[in-house]
Amino acid sequence: MAIKLISDSTCDLTPELLERYDITLAPLYVTQDGVTRRDGVDIHPQDIFDHVAAGGSLPSTSAVNIADYQELFSKYAQEYEAVIHFNIGQGFSACHQNAVIAAEDFDNVYVVDTRNLTMGQGLLVVEAAEAARRGMAAQDIVEMMNSLIDKVATTFVVDRLDYLAKGGRCSSVVALGANLLKLKPCIVLSDGKMAVGKKYRGVFDKVLLDYVRDQLGSGDYRRDRCVIVHAACKPETVAAVRAVVDEYGFDEVIVGEAGCTISSHCGPNTLGVLFLKK
C-alpha cells in the first residue's frame with residue numbers, strides 16, 4: 001500500500017532521515033519583530049539565538065493553519081492510497097486541531113496526535129515509515145502509533161531557563177533561582193505535558209553525562225534506536241554524550257538538532273536523549 005507520511009516540522013528529523021523515508025514536513029510559523037517566517041524554511045535556530053543574544057525579544061511560534069494542511073493533504077491524497085500526518089502534541093499547539101479539521105475533506109488522510117515534540121515525535125514518524133515499508137496498512141499503522149505513544153521517553157536538560165520563562169513555560173522567579181543555584185533541570189514529557197524532573201547541579205557538560213546514565217541505566221528501552229537531539233550545543237559536548245550513549249549498545253544512534261519552534265522555547269545549550277521504552 002502506497003502511504004505518504006507528513007509531519008509537523010517540530011519532529012526535528014534530520015535531513016538524512018527525511019530523505020531516507022520520503023517524509024514531508026509542514027512548517028510551523030515563527031514571528032520575530034513582527035515578521036513571520038516558516039520554521040526551517042525562512043528562519044533557522046541560530047538566527048533566533050543571535051537575535052536574542054543581541055538584546056532582541058524572544059520570537060513567538062504559531063501553528064500550521066487549516067489552509068496549509070488542506071493544501072498538503074490535497075496534493076498527497078491524490079498521489080497516494082493513504083496519507084498519515086503526525087502532529088506535535090495538542091497540549092503544546094493548535095496544529096492537531098487544525099489538521100483534524102483539514103482532514104475531514106479526505107477519506108484517506110489519517111491524523112496522529114503524538115502527544116510529544118521534537119525527536120520524540122520524530123521517533124514515531126520513523127516507526128511508521130518502517131511499518132509502511134513492511135507493507136502494513138494505514139489504519140494498522142495508526143493503531144500501532146497510538147499504542148507506542150506512551151512508550152516514547154522524551155526528556156531533556158536545559159542549561160538556562162530564561163527562554164522557558166519568557167515563553168511562559170516556567171516563572172521568571174523559578175528561572176532566577178535555578179540560575180543562581182546553578183541548577184540544570186531535566187524536563188520530562190508525560191501524558192502530553194512538560195514537568196520538571198531531577199534537578200542537576202554543576203557544569204552543563206558534566207551534568208549531561210550524569211543525565212544520560214540516569215536515563216539509560218535502568219535498561220528499560222528498546223535497543224534498536226536512540227536519539228540525541230540538541231540546540232546549539234558545542235560539537236565536543238555532543239561527542240561526549242554520544243560516547244556515553246554508545247556504551248549502551250544501541251543498533252542506531254541518531255544525532256539531530258532542534259528546529260526553530262523547539263529552540264524558541266528551550267534556548268541554546270539544551271540536550272535530550274530520547275528512545276522507546278520496552
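This is a short walk through one helix, one buried arginine and the cysteines of the structure above. Keep in mind that the model is predicted.

Let us begin with helix H3, which spans residues 66–79. Its 14 residues reach 20 Å from the first C-alpha to the last, close to the 20 Å expected at 1.5 Å a residue. At the start of H3, look for Asn65: one of its side-chain oxygens comes to within 3.2 Å of the backbone nitrogen of Ala67.

Which residues of H3 are buried? They are Tyr69, Leu72, Phe73, Tyr76 and Ala77. These residues cover an arc of only 120 degrees around the axis, so they sit on the same side of H3. The spacing has a simple background: an α-helix has 3.6 residues a turn, so residues three or four places apart point the same way. If you turn the helix around, the face directed away from the buried side carries the exposed residues Glu71, Gln78 and Glu79.

What covers the buried residues of H3? The cover includes three strands that you can pick out by number, E1 (3–8), E2 (24–26) and E6 (82–87). It also includes helix H4 (95–103) and strand E7 (109–113).

Now move along the chain to Arg225, which lies in strand E12 (residues 225–231). Is this arginine buried or exposed? With 7% relative accessibility, Arg225 counts as buried, because the cut-off for that label is under 20%. To place Arg225 in the fold, you can use Ser9 as a reference: the two are 216 residues apart along the chain, and their C-alpha atoms are separated by 21 Å.

The surroundings of Arg225 are worth a look. Leaving aside neighbours within four places in sequence, Arg225 is in contact with Tyr21, Leu123, Val126, Glu127, Glu130, Phe250, Glu252, Ile254 and Phe275. Among them, Glu130 joins its side chain to that of Arg225 in a polar contact of 2.7 Å. The side chain of Glu252 also makes a polar contact with the Arg225 side chain, at 3.0 Å.

Finally, turn to the cysteines. How many disulfides does the structure hold? The count is 0. Cys260 is in no disulfide, and the nearest cysteine sulfur, that of Cys266, is 11 Å away. Cys260 is buried, with a relative accessible area of 0%. Cys266 is in no disulfide either; for this residue the nearest cysteine sulfur belongs to Cys233, 8.9 Å away. Cys266 also counts as buried, at 5% relative accessibility. Because a disulfide needs two cysteine sulfur atoms within 2.5 Å, the 8.9 Å from Cys266 to its nearest partner does not qualify.

Key
Residues are numbered from 1 along each chain as its sequence is written. This is a predicted model: local features need pLDDT of at least 70, side-chain atom pairs count only at pLDDT 80 or more; totals for chains, interfaces and linings use all residues. Side-chain values use heavy atoms; hydrogens and water are left out. Helices (H or I, at least four residues) and strands (E, at least two) are DSSP runs, numbered from the N terminus. The expected span of a helix is 1.5 Å times one less than its number of residues. Buried means under 20% relative accessible area, exposed over 50%, partly exposed in between (1.4 Å probe, protein chains only). The arc is that of the directions from the helix axis to the C-beta atoms. Contact means heavy atoms within 4.5 Å. A polar contact is a pair of N or O atoms within 3.5 Å; within protein, one must be able to donate a hydrogen and the other to accept it, and residues adjacent in sequence count only if both atoms are side-chain atoms.
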